[in-house]
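Please open the structure in your viewer and keep the sequence panel visible. The tour below proceeds by selection, one stop after another.

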Amino acid sequence: IYSGTSGSGVFKSTDSGASWSAANNGLTDTGVRALAVDPQTPNTLYAGTDGGVFKSTDGGASWSAANSGMTNTIVFVLAVDPLTPTTLYAGTSGGGVFKSTDGGASWIAANNGLTSTFVHALAINPQTPAIIYAGSWNGLFKSIDGGMHWNTANSGLTITWLSALTIDPFTPTTLYAGTDGGVFKSTDGG
């Protein structure tokens, strides 16, 4: 189990949480806002921090910066494509969404159609990873082309300040959005 903290970096437990040890070697920013694990290679981890993205390929024993191409370094959320785990998305504070197709070695902005650059939640359809959702202060956005273009998906959302998103892994047209006013559910893909 891995845990990110707001000022002490990453901690790791190998005994189901009974004990924890720091896993911060090379992590130069310990304000960890997000963690993501490669679903096919679980020793590969990504940490979204106040200083950008860091990557570990040895289960958190060592970290290196993975920020090339990012113009905004505060990363709120990370998402890994479940079928092609070298494809990653990062939601940032003020820079919108960034996409990497090479395991974090380089990033490009993926904001065409986003009306908010503050992205606090991301969710990838596990069966069709080209479908991605981004939650922001301005509501929900949906991309059907791997983040290259976004459209709003706010129909029925009476509160558009989103802070969490999740997709039902068995019925990926079912999406849950956590807002300041509670949880909303969509059964038609947003």
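Is F118 buried, partly exposed or exposed? Select F118 and display the surface: at 26% relative accessibility, this residue counts as partly exposed. Please bear in mind throughout that the model is predicted.

**First stop: the aromatic rings**

Searching the whole structure yields two aromatic pairs. For the first of them, keep F118 selected and add W137; the two rings are stacked, with 4.2 Å from centre to centre and 5° between the planes. This pair links distant parts of the chain, since F118 belongs to the loop between β11 (108–109) and β12 (119–124), W137 belongs to the loop between β13 and β14, and 19 residues separate them. W137 is also partly exposed, at 33% relative accessibility.

Next, add W161 to the selection. The ring centres of W137 and W161 are 5.0 Å apart and the planes stand at 20°, so this pair is stacked. Here too distant parts of the chain are linked: W137 is in the loop between β13 and β14, W161 is in the loop between β15 and β16 (162–167), and the two residues are 24 apart. W161, at 38% relative accessibility, counts as partly exposed. With all three residues displayed, you are looking at one aromatic cluster made of F118, W137 and W161.

**Second stop: strand β14 and its neighbours**

Now select residues 139–143, which make up strand β14. How many of the five residues of this strand are buried? Four of them are, so the strand is largely enclosed by the rest of the structure.

Extend the selection to strand β13, residues 132–136, which runs antiparallel to β14 and is joined to it by five bridges. The two strands form a hairpin, with two residues between them. To see the pairing in detail, pick I132 and find S143 of β14 opposite it.

On β14 you may also select K142, which stands opposite N151 in β15. Strand β15 covers residues 151–152; it is antiparallel to β14, and two bridges join them.

**Third stop: the salt bridge**

One salt bridge is found in a search of the whole structure. Select R33 and D50, whose side chains meet in this salt bridge at 2.4 Å, N to O. R33 lies in strand β4 (residues 32–37), while D50 lies in the loop between β5 (45–49) and β6 (52–56), so the pair ties together parts that are 17 residues apart in sequence. Both ends may be inspected with the surface displayed: R33 is partly exposed, with a relative accessible area of 42%, and D50 is partly exposed at 30%.

**Last stop: a residue in a loop**

Finally, select T87, in the loop between β8 (75–80) and β9 (88–92). Is T87 buried or exposed? Its relative accessible area is 9%, and T87 is therefore buried, the cut-off being under 20%. Which residues does T87 touch, leaving aside those up to four places away in sequence? Display A79, V80 and D81, together with K99, S100 and T101, to see these contacts.

Key. Residues are numbered from 1 along each chain as its sequence is written. This is a predicted model: local features need pLDDT of at least 70, side-chain atom pairs count only at pLDDT 80 or more; totals for chains, interfaces and linings use all residues. Side-chain values use heavy atoms; hydrogens and water are left out. A salt bridge is a side-chain nitrogen of Lys or Arg within 4 Å of a carboxyl oxygen of Asp or Glu. Helices (H or I, at least four residues) and strands (E, at least two) are DSSP runs, numbered from the N terminus. Buried means under 20% relative accessible area, exposed over 50%, partly exposed in between (1.4 Å probe, protein chains only). Contact means heavy atoms within 4.5 Å. Two strands pair if DSSP finds at least two bridges between them. Rings of Phe, Tyr and Trp (its six-membered ring) pair if their centres lie within 6.5 Å; planes under 30 degrees apart count as stacked, over 60 as edge-to-face and the rest as tilted.
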